[in-house]
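Hi,

Here is the structure I promised to pass on. Have a look at it first, and then read on for what turned up when I went through its ligands and its empty spaces.

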Amino acid sequence: MNTSSEQIDLKNLTPSELAHFISSFGKERYRTPQILRWLYQHGVHSIDEMTNLSKQFRQDLRKVGFISALCPLHVEEAKDGTKKFLFQLQDGNRIESVLIPEKKRLTLCLSTQVGCTLGCRFCLTGKMGWERDLTTSEILNQILAVRETLTDKISITNIVLMGMGEPLANYRNTIKAIELMTHPDAFKFSSRRVTLSTAGLLPELEQLGKENISFRLAISLNASNEEARSQLMPINRRYPLKKVLEACRHFPLRPRTRITFEYVLVEGVNDSSQDARRLLRILRGIPSKINLIPLNEASGIPLKRPLEEKVTAFQEILMKGGLTAIVRASKGTEISAACGQLRGKR
Ligand code: SAH
Ligand code: SF4
C-alpha cells in the first residue's frame with residue numbers, strides 16, 4: 001500500500017461522510033452505494049478493482065484515498081472449532097479477534113481498543129493496560145480479514161464487540177463501525193445480530209440511546225451489589241451499579257428486545273444464592289436476559305471459578321424467578337480465546 005499521511009482511509013468514513021468526500025471533488029453522491037459495496041461486500045483491496053467507476057474517477061480517488069487491510073499474523077484453532085486471529089496493526093500493536101462456531105451461528109468477536117483502561121480484576125485485557133483506540137477501519141478490517149479465510153459456503157452470522165477493549169471508551173469509532181456493519185450497502189448485518197458489550201460508562205451509555213443506529217446492548221454487570229462490583233470492576237466506584245441500572249431502565253429499546261446482562265461468576269465473590277436473589281430484585285422492570293459466564297481462570301488472576309453445582313444452582317434461582325439465564329460454555333479456553341483471555345500476544 002502506497003499511502004501518504006494526508007490520504008484518507010476510505011473505511012474510516014460513514015456512508016454520509018463518504019458521500020460528502022466524493023462530492024467534495026465533484027463526483028455524484030450516487031456513487032456512494034457503489035463504493036460501499038466494493039469495500040464491504042466484495043472486500044476489494046484496491047480502488048482499481050472498482051470496475052463500475054470510470055478510469056478517471058478511480059484515478060482521482062486514488063490520489064486522495066486508499067483502502068486499508070489487515071492480515072492475520074497467526075491463527076490458532078481450538079478443539080471445539082473456535083479460532084483466534086492475531087493481527088498486527090500498522091504501528092506494530094497487536095489485537096485479537098475470535099471466531100466462534102455454534103449450531104446455527106458463526107459469531108465473530110471483535111476488539112475495539114489495544115488493551116483497556118478499566119482494569120477489571122478478572123480480565124487479562126484489563127491487566128495489560130491501554131495502548132490506544134482502534135480506528136473505525138481497524139474494527140471493520142477484522143471482519144473482512146476473517147471473512148477472507150472462510151469458504152464461500154460459510155458466512156459470519158453474528159458480530160459481538162466483546163474482544164479487547166471497552167467499546168464505549170472508543171465511542172465515535174465504535175458507533176461508526178456499527179453503522180457500517182448494519183448499513184444495507186455495506187455489511188448488511190441485521191441489527192439484531194450485532195451486540196455491543198459495555199462495562200457501563202454512564203455518559204456514553206446515555207448518549208448511545210440517542211444515536212440513530214440499531215444493535216443489541218449487553219451490559220457487564222458481574223455483581224448484584226455495589227461492594228462486590230467495585231471489588232471486581234474499579235469503574236463501579238465512578239459509575240455505580242445503581243446508576244448503570246437506572247440508565248438501562250431508560251434505554252430506548254426497540255419492541256420485543258431485551259438487554260443482555262453478562263455476569264462472570266467468581267467463587268466466593270458473587271456466586272451465592274443470596275446474590276442470585278438480589279440479582280432478580282435489581283433487574284425487576286428491565287427487559288433482561290442473563291448470560292452467566294463461569295470465570296475463565298488465568299495465571300496472574302487470583303480468582304476462582306465456582307464449582308459446576310454452584311453455577312447450576314445460581315442459574316436455577318434466576319430461572320425460577322422468571323429470568324432467562326443461560327450459562328455460557330467457555331469456548332477456545334486452551335488457546336486463550338475465551339472471554340477475558342485476549343492480550344494480543346502469541
Ligand atoms: N469491555 C467490554 C467488552 C469486552 S469484555 C465489557 O466489559 O463488556 C467481554 C466480556 O468478557 C465481559 O462481559 C466480561 O465480563 C467478560 N470477561 C472478562 N474477563 C473474563 C474472564 N476471565 N472470565 C469470563 N468472562 C470474562
Ligand atoms: Fe476492559 Fe471489558 Fe476487560 Fe473490563 S472486562 S477490563 S471493561 S475489556
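One term before we start: a cavity here is a set of grid points, worked out over the protein atoms alone, where a 1.4 Å probe fits but cannot get out, and its lining residues have an atom within 4 Å of a point. Please also keep in mind that this is a predicted model.

**The largest cavity**

With that in hand, the search of the whole structure finds two cavities of 30 Å³ or more. The largest cavity holds about 490 Å³ of space. Its lining is made up of 29 residues, and those nearest its centre are Phe122, Cys123, Met162, Ser220 and Gly340. Helix H4 (124-128), E10 and E12 are the elements that give two or more residues to that lining. By type, the lining has 15 nonpolar residues, 12 polar and two charged.

So what fills the space? Ligand 1 takes up space in the largest cavity, and ligand 2 is placed in the largest cavity as well.

**Ligand 1**

There are 20 residues around ligand 1, with Phe122, Gly165, Ser197, Ser220 and Asn296 the closest. The shell splits into 10 nonpolar, eight polar and two charged residues.

A few polar contacts are worth finding on screen:

- Gly165 has a backbone N or O atom 3.0 Å from a nitrogen atom of ligand 1.
- Glu166 uses its side chain: an N or O atom there is 3.3 Å from a nitrogen atom of the ligand.
- Thr198 puts a backbone N or O atom 3.5 Å from an oxygen atom of ligand 1.

On its own, ligand 1 would expose 530 Å², and the protein buries 95% of that. Which elements give two or more residues to the shell around ligand 1? They are strand E10 (194-198) and strand E12 (259-265).

**Ligand 2**

The shell of ligand 2 consists of Cys116, Leu118, Gly119, Cys120, Phe122, Cys123, Gly126, Gly165 and Ala199. Six of these residues count as nonpolar and three as polar, with no charged ones. If you compare the lists, Phe122 and Gly165 turn up around ligand 2 and are also among the closest residues to ligand 1.

**The second largest cavity**

This one has about 60 Å³ of space. Lining it are Lys11, Leu39, Gly43, Val44, His45, Ala69, Leu70, Asn141, Leu144, Ala145 and Glu148. Helix H5 (residues 136-148) gives the largest share of that lining, four residues. Six of the lining residues are nonpolar, three are polar and two are charged.

**The largest pocket**

Finally, there is an open space to look at. The largest pocket contains about 730 Å³. It is lined by 34 residues, and Thr107, Val160, Met162, Asn291 and Arg328 lie nearest its centre. Strands supply the elements that give two or more residues to the lining: E5 (94-101), E6 (106-109), E9 (158-161), E10, E11 (216-220), E12, E13 (288-294) and E14 (324-327). The lining divides into 16 nonpolar, nine polar and nine charged residues. Met162 is worth clicking on, as one of the residues nearest the centre of this pocket and one of those nearest the centre of the largest cavity.

Best wishes

How values were computed
Residues numbered from 1 in each chain as written. Chains lettered and ligands numbered in written order. Predicted model: local features only at pLDDT ≥ 70, side-chain atom pairs only at ≥ 80, totals over all residues. Heavy atoms only, no water. Near = heavy atom within 4 Å. Polar contact = N/O pair within 3.5 Å; in protein donor to acceptor, adjacent residues only side chain to side chain. Areas by Shrake-Rupley, 256 points an atom, 1.4 Å probe, with all protein chains shown as cover. 1 Å grid on protein atoms, 1.4 Å probe; cavity = no way out; pocket = protein on both sides within 12 Å on 5 of 7 lines; lining within 4 Å. Sits in = over half its atoms within 2 Å of the grid points. Nonpolar A, V, L, I, M, F, W, Y, C, P; charged D, E, K, R; others polar. Points joined across faces, edges and corners; volume = space filled by probe spheres on them.
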